[in-house]
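Got your viewer open? Let's walk through a few selections together.

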Amino acid sequence: MKTQYDSIGTLYNRIKELPVAFLERANVEAAIRPFIKGARVLDLACGTGYYSRALVEWGAKSVVGVDISSAMVEAARKASTSDKISFLVGDCSTPMDFEGGPFDIVLGAWFLNYAPDKRTMTSMFRNIALNLKEEGHFIGLVWPPTDNPKRHLQKALVARPQRLGGLSVLPAQKVKNGVKAHLVADFGSATLEFDSYHLERSVYYDAAKAGGMEGTLMWKSAGADESESHVWLNGEDIRLWDSYFTVPHFNVLEISKG
């Protein structure tokens, strides 16, 4: 994962310009809104700091962003102008105490999807639990819950053929309890490719419990005001709007520590 994202660098920022990114942001904000005011937040797998900066806009007192890629962290530092945000290079899948903790919220926007197996995801949840206050909450962007990840990705490809919406997710390789997925983001003038893992829903439940998260794990499907669809579709086919609700690209996962 380190080599993957060091080579991608700031090109990853352009994913946030795709239609689905606007839908993701709206749903992350809705999930985190009840807890964010005055909160100290740990942003795991922060990338170039897109959500770290948004968290401050939404009312966080302070944010610590951590990513395994030094190139991503360097870009995040350059893009941040707030003294409420700091960035660190670190392996988020390995439990460690981060300065500024324990935190009220841990955010993992596309973090757990880099676990290739239950053991790694359990370690990720241990890291989350270690850095959360007892009454703290984890909010994550994850693949939709399913017992058959390969079938879900195949259905998504039918609903969103390659190039529709600028992002394609291809089932590349079977792994235990899921599939390794290959993502292709097409920006017209450039293409970005990287890998991720879509594991069965039972892995999330088992890993969260084994990792020390005692709350009820909740999956929240994408929601949005249809009247705003023209804003984030940016000229794309209206079929794209419908597809994100009939065959979701993501869910927001929420669980408390205690």
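Here comes a short tour, from a strand to a cavity and on to a pocket.

This is a predicted model, where local features need pLDDT of at least 70, side-chain atom pairs count only at pLDDT 80 or more, and totals for chains, interfaces and linings use all residues. Numbering starts from 1 along each chain as its sequence is written, and side-chain values use heavy atoms, with hydrogens and water left out.

Start by selecting residues 62-67, strand E2 (strands, at least two residues, and helices, H or I, at least four, are DSSP runs numbered from the N terminus). Five of its six residues are buried, so E2 is largely enclosed by the rest of the structure (buried means under 20% relative accessible area with a 1.4 Å probe, protein chains only).

Now add E1, residues 40-44: it pairs with E2 in the parallel sense over five bridges (pairing takes at least two DSSP bridges). On the other pairing, E2 runs parallel to E3, residues 85-89, again with five bridges. Click Gly65: its bridge partners are Asp43 and, in E3, Phe87.

Next, show the largest cavity, with about 310 Å³ of space. Of its 22 lining residues, Tyr12, Ala45, Cys46, Gly47 and Asp67 are the closest to its centre. A cavity is a set of points on a 1 Å grid over the protein atoms alone where a 1.4 Å probe fits but cannot get out; a pocket is an open set with protein on both sides within 12 Å along at least five of seven lines, and lining residues have an atom within 4 Å of a point.

Last, select Asp147, Lys174 and Glu200, among the residues lining the second largest pocket. E6 gives the most to that lining, with four residues.

Key. Grid points are joined across faces, edges and corners, and a volume is the space filled by probe spheres set on the points. Buried means under 20% relative accessible area, exposed over 50%, partly exposed in between (1.4 Å probe, protein chains only).
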